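Hi everyone, thanks for making time this morning. I'd like to walk you through one model and a few spots in it that I enjoyed looking at. Let me put it on the screen.

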Amino acid sequence: QMPRIWLDYCQFLAEQGRITRTRRTFDRALRALPITQHRRLWPPYLSFVRRHPLPETAVRVFRRFLKLCPEEAEQYVSYLRSVGRLDEAAQVLARLVNDERFVSRQGKSNYQLWQELCELLSQHPDRVRSLDAGGIIRGGLTRFTDQRGRLWGALADCYVRCGHLEKARDVYEEAVQTVMTVRDFTQVFDSYARFEESVIAALLDTQAQLGRGQDEEVELELRLARFERLMARRPLLLNSVLLRQNPHNVHEWHKRVALHQGQPDKIIQTFTEAVRTVDPQRATGRPHELWVAFARFYEDNGQLDDARSILSRATRVQFRRVEDLAAVWCEFGELELRHQNHQEALRVLRKATALPAKRAEYFDSSEPVQNRLYKSLKVWSMLADLEESLGTFQSTRAVYERILDLRIATPQIVINYALLLEEHGRFEDSFKAYERGIALFRWPHVGDLWLTYLSKFVARYGGRKLERARDLFEQALDGCPPQHAKTIYLLYARLEEQFGLARRAMAVYERGTRAVPPAQQSDMFHIYIRRAAELFGVTHTRPIYQRAIEVLGDDAARELCLRFADMECKLGEVDRARAIYTYCSQICDPRITGSFWQTWKEFEIRHGNEDTIREMLRIKRSVQATYNTQVNFMASQMLKVSGSATGTVSDLAPGQSGLDEMKLLEQRAEALAAEAQRDTPRPTQQVLFVR
């Protein structure tokens, strides 16, 4: 009962090459030692039987070993494959795959073991007789659905190696017609193509060696024809795969019809299958396009009755959206129009817009689309166009009235209706149509209606109904957003200028400058000033300029100040102009707005004297000092004046920061005074004086 002695003894005998005696000694050791110590003895025993070409002995030893350690079955399979006993290896692998409790010592999954079994069955079908290779691989097709491409290839390869070429072809055909993914289809189709190429190459080699007879030529032609047809079928087969994934994909059905181009029977069959298969509630794409394309195919081939029958059936389909059914009805009407059946087109669209027995809201998905179609603007718009072109004024007016009653009109529909009434001289009715449309919408959608209504009303009545026009403008401005108010205020002011009072026009412009957003205030003030100057003279614009300068931003106010000063200068009011320049200088940084200071300087040269120029320069320096509020800039200026080293103010004398700051400020003031003295104009220059 000492395993170390048994191990040394067995190793000693194995090194001497005494096979039988060594085997018997190992057996004696296993009988003598307790079973808890057998795990130390089996590894050298298995290593010993592997070293010698005695497969039968090794197989019997492995079988005994597996009774103690069944989890080591993979070693047994590996040995069986190495000695060529594939049938028994396949049986062991099949037991491992079917044993759900088996855990691989090598970390292999159940699928990997299954893959090894399939590879063994497909590559050596003639040496594995005890298992049904076809049944096992087909079982894997239902078990491992994500690897169907490889499994179909393995099954076909099994039949090819057995010499059953027709069975292999049947397997490939079944595979390309049942796989569900593009990846599996690509794997199967490529294997199928290689198989056909290999068969053709084998036939060519055989004929090259044995000669070519008539039967061989016929067979070769048949193989080539099969291969060409397979290549030609590839797009159709791929389309079938995509349709098996999603039979409700409208786009793929259209592609399938295109693949049958030139084959009317196949096209009709495909369309029929498509409209029967696609569920409108689950469709990807727009399912009504299938019906429309189906009817268009019949129409292109001159079968109008069949096209009408298809569209009539389409109108009874339970589509998911009302737009789909409306598109079918519109296509029905266009079909009749294309063949000059105008009255029939009108009849079709009147039928489409007829009130259903049970009315439903447009977005009520619980009701069928047929009960909601009467609120489809697309169908009503087409009917209105047809009535306007083919019907009478009364019928067209009735259609527009019905649209307004259903509250489905758009601003463009309202404008079209009003223009129709205006063309027939019904001006008051057209204005009523505008008012009904305005009641339907809110800003900003009602903006176009108001502008058109006001323009038409003013063009029609001018100043004859001035109070009514003013009321309309006030209604339009009530609740008008600021971004849409500018145009209405300008129209209102023009009305007052042409037919009302100039004073009221100025009041409208004043209201407009307050109502528009800040981005449009500058333009509004410019228009206001120009109109005030034309109506009352330039002197009347002074309060407008003053208010604009107070309200507008710096850039716009600067521009208006220059214009204001220029106007005062032209009027000879030099002191007023100088006061304007002085006021504007407070918002003009000399480093940024050099053009303003240059303009003021030129003004002083023309109209000022030495004192006014000096005052301008003083103001410029003070403004520049006001804008120089950045710490680094101030510090650098102070250090420049003091002539000391670089650094901030507090760095100059850390102990007496307050006193040093005062000294630096005094020095800076002296430097600014010296700079002002240098900027004083030279007396040699000619200065023009104005009393």
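Let's begin with one residue, Ala307, which is buried, with a relative accessible area of 0%. Before I go on, please keep in mind that this is a predicted model. Ala307 belongs to helix H16, residues 304-314. What does Ala307 touch, leaving out residues up to four places away in sequence? The list is Ala295, Tyr298, Glu299 and Leu335. There is also a pairing with Phe332 to look at: 25 residues separate Ala307 and Phe332 in sequence, and their C-alpha atoms are 9.0 Å apart in space.

Now let me zoom out for a moment. How many helices and strands does the protein chain have? The count is 35 helices and 0 strands. The chain has 691 residues, and 43% of them are buried. If you take the contacts with a separation of 6 or more, 54% come from residues 24 or more positions apart. As for the surface, the chain exposes about 37,800 Å², and carbon and sulfur atoms supply 50% of that.

Back to single residues, and on to Trp42. You'll find Trp42 in helix H3, residues 38-51. Is Trp42 buried or exposed? Its relative accessible area is 5%, so Trp42 counts as buried, the cut-off being under 20%. Not counting residues up to four places away in sequence, Trp42 touches Leu30, Val61, Arg64, Phe65 and Leu68. For one of these partners, Phe65, we also have a C-alpha separation from Trp42: 7.3 Å, with their positions 23 residues apart along the chain.

My next stop is a charged side chain, Glu196, in helix H11, residues 182-210. At 1% relative accessibility, Glu196 also counts as buried. Which residue's side chain makes a polar contact with the side chain of Glu196? That partner is Arg169, at 2.9 Å. Beyond four places in sequence, Glu196 touches Phe227 and Leu230 as well as Arg169.

Let's turn to a pair of helices. Helix H13, residues 250-259, packs against helix H14, residues 264-277, at an angle of about 170°, and their axes are 9 Å apart. Because of that angle, H13 is roughly antiparallel to H14. On the H13 side, the contact is made by Trp253, Arg256 and Val257. H14 brings Ile267, Thr270, Phe271, Glu273, Ala274 and Thr277.

Two more helices, and here I checked the lengths. Helix H9 has 15 residues, 148-162, so at 1.5 Å a residue it should span 21 Å, and its end C-alpha atoms are indeed 21 Å apart. Several residues of H9 are buried, among them Leu151, Trp152, Leu155 and Tyr159. After H9 comes Gly163, which has a positive phi, near 90°.

Helix H26 gets the same check. With 14 residues, 502-515, the expected span is 20 Å, which agrees with the 20 Å between its end C-alpha atoms. Which residues of H26 are buried? They are Ala505, Met506, Val508, Tyr509, Glu510, Gly512 and Thr513. While you look at that list, recall that an α-helix has 3.6 residues a turn, so residues three or four places apart point the same way. And what covers the buried residues of H26? The cover includes helix H25 (485-499), helix H27 (518-536) and helix H28 (542-551).

That's my tour. Thanks for listening, and I'm happy to go back to any of these spots.

Conventions:
Residues numbered from 1 in each chain as written. Predicted model: local features only at pLDDT ≥ 70, side-chain atom pairs only at ≥ 80, totals over all residues. Heavy atoms only, no water. Helix = DSSP H or I, 4+ residues; strand = E, 2+ residues; numbered from the N terminus. Expected span 1.5 Å × (residues − 1). Buried < 20%, exposed > 50% of the residue type's maximum accessible area, 1.4 Å probe, protein only. Contact = heavy atoms within 4.5 Å. Areas by Shrake-Rupley, 256 points an atom, 1.4 Å probe, with all protein chains shown as cover. Polar contact = N/O pair within 3.5 Å; in protein donor to acceptor, adjacent residues only side chain to side chain. Axes fitted to C-alpha atoms, helices over the stretch in contact; angles between N-to-C directions. Parallel < 35°, antiparallel > 145°, perpendicular 65-115°, else oblique.
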